[in-house]
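Here are some short exercises to work through with the model open beside you. Try each task before you read its solution.

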Amino acid sequence: MNNRQLTPQQIADFHRDGYVIAKGYYDEQEIARLQQTAFNDDSLYERAWHKKDADGAVSKVCLWQKTGDDFYSMFSRGRRLVDVCETLIGEEVYHTSTKIMMKEPFVGGAWEWHQDFGYWHRDNYMLYPKAISCMVAINKATIENGCLQVLKGSHHLGRLDHSKTGDQKGACLEFVEEAMKYHELINVELEPGDVLFFHCNLLHKSNQNRAAEPRWSMICAFNAVTNQSFKENEAVYYPLDPVNDEAILNWKPA
């Protein structure tokens, strides 16, 4: 099996559970280049949003919508992600955003329970939950450094109401607590190069980083072309020009 494709069982797992993990999706050379680029990119810190959790601890996130010819776009434009997302959604997709999540040692804040569609629906006027996120582990994600947690199968609940929690938008805790009675909580521990594909209605969160090492990830999000915003807002549709797998290692600065 080519580990850059999903098996029929993995596809079935995604639809049942709302997520699937592709182990070793990017090889050591590719992820080493991503680490070298991201960890030495001062512009990520300069452009980052600082988002406080309910306790006031801060997580940093740098987000952009438009892809280009930069190194990060070799991932977000890569057929390796795009083709799988089109298989899972069942339609042609376009890129909606890429973000680098920077959870610093000891101080990196939590992300509250939420669904991505919980705010994409209202903020970006997406009518249908035809969107998916792809989390690429830049370095190791563990329970200690605040790995993602998901409620297995919770995407079947449909969209929950969301409201402000700190600087974030969180799902209504009354419904989250009820959902936890029926949906198993999974700690998504990842090795560098692993990818988590997850449905836009999957409930997920992450705890504060209590470890001595950072927890960085890159999340590329895609939406069905038929599900573009029906009302003007900050989300803009940019045509997607996919690139082949070798673009990551072949990329050179302009």
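**Exercise 1. Find where Tyr 128 lies, and decide whether Tyr 128 is buried or exposed, or in between.**

*Solution.* This is a predicted model, so keep that in mind throughout. Step one: go to the loop that runs between α6 (116-123) and β6 (131-137), where Tyr 128 sits. Step two: check its relative accessibility, which is 45%. Partly exposed covers the range between under 20% (buried) and over 50% (exposed), so Tyr 128 counts as partly exposed. Step three: look at the surface around Tyr 128, where this residue joins Leu 127 and Phe 230 in a nonpolar patch with about 350 Å² of accessible area together.

**Exercise 2. Work out how many disulfides the structure holds, using Cys 62 and Cys 85 as test cases.**

*Solution.* Step one: recall the cut-off, since a disulfide needs two cysteine sulfur atoms within 2.5 Å. Step two: take Cys 62, whose nearest cysteine sulfur belongs to Cys 220 and is 13 Å away, so by the 2.5 Å limit there is no disulfide here. Step three: take Cys 85, where the sulfur of Cys 134 is the nearest, at 3.4 Å. That is still no disulfide. Step four: the count for the structure is zero. As for their surroundings, Cys 62 counts as buried at 0% relative accessibility, and Cys 85 is buried at 0% too.

**Exercise 3. List the buried residues of helix α5 and say what follows the helix.**

*Solution.* Step one: scan α5 (residues 79-89) for buried positions, and you should collect Arg 80, Leu 81, Val 82, Val 84, Cys 85 and Leu 88. Step two: keep the helix geometry in mind: with 3.6 residues a turn, residues three or four places apart point the same way. Step three: move just past α5 to Gly 90, which takes a positive phi of about 85°.

**Exercise 4. Which acidic side chains meet Arg 80 in salt bridges?**

*Solution.* Step one: one partner is Glu 30, at 2.8 Å from N to O. This pair links helix α2 (residues 28-39) to helix α5, 50 residues apart. Step two: another partner is Asp 245, at 3.3 Å from N to O. Asp 245 lies in the loop between β13 (215-224) and α8 (247-250), so this pair ties together parts that are 165 residues apart in sequence. Step three: compare the settings. Glu 30 counts as buried at 2% relative accessibility and Arg 80 as buried at 3%, whereas Asp 245 is partly exposed at 24%. The whole count comes to 11 salt bridges.

**Exercise 5. Describe the largest cavity and the largest pocket by volume and lining.**

*Solution.* Step one: the largest cavity holds about 30 Å³ of space. Its lining includes Arg 80 and Asp 245, along with Tyr 26 and Met 74, and α4 (73-76) and α5 each supply at least two lining residues. Step two: turn to the largest pocket, with about 910 Å³. Its lining has 40 residues, of which Trp 49, Leu 63, Lys 99, Tyr 119 and Trp 120 are the closest to the centre. Step three: strand β4 (residues 93-103) gives the most to that pocket's lining, with seven residues.

Terms used
Residues are numbered from 1 along each chain as its sequence is written. This is a predicted model: local features need pLDDT of at least 70, side-chain atom pairs count only at pLDDT 80 or more; totals for chains, interfaces and linings use all residues. Side-chain values use heavy atoms; hydrogens and water are left out. Patches are made of residues with over 30% relative accessible area and no salt bridge: like charges are joined within 9 Å, nonpolar side chains (Val, Leu, Ile, Met, Phe, Trp, Tyr) within 5 Å. Accessible areas come from the Shrake-Rupley method with a 1.4 Å probe; for residues, only the protein chains shown count as cover. A salt bridge is a side-chain nitrogen of Lys or Arg within 4 Å of a carboxyl oxygen of Asp or Glu. Helices (H or I, at least four residues) and strands (E, at least two) are DSSP runs, numbered from the N terminus. Buried means under 20% relative accessible area, exposed over 50%, partly exposed in between (1.4 Å probe, protein chains only). On a 1 Å grid over the protein atoms alone, a cavity is a set of points where a 1.4 Å probe fits but cannot get out, and a pocket is an open set with protein on both sides within 12 Å along at least five of seven lines; lining residues have an atom within 4 Å of a point. Grid points are joined across faces, edges and corners, and a volume is the space filled by probe spheres set on the points.
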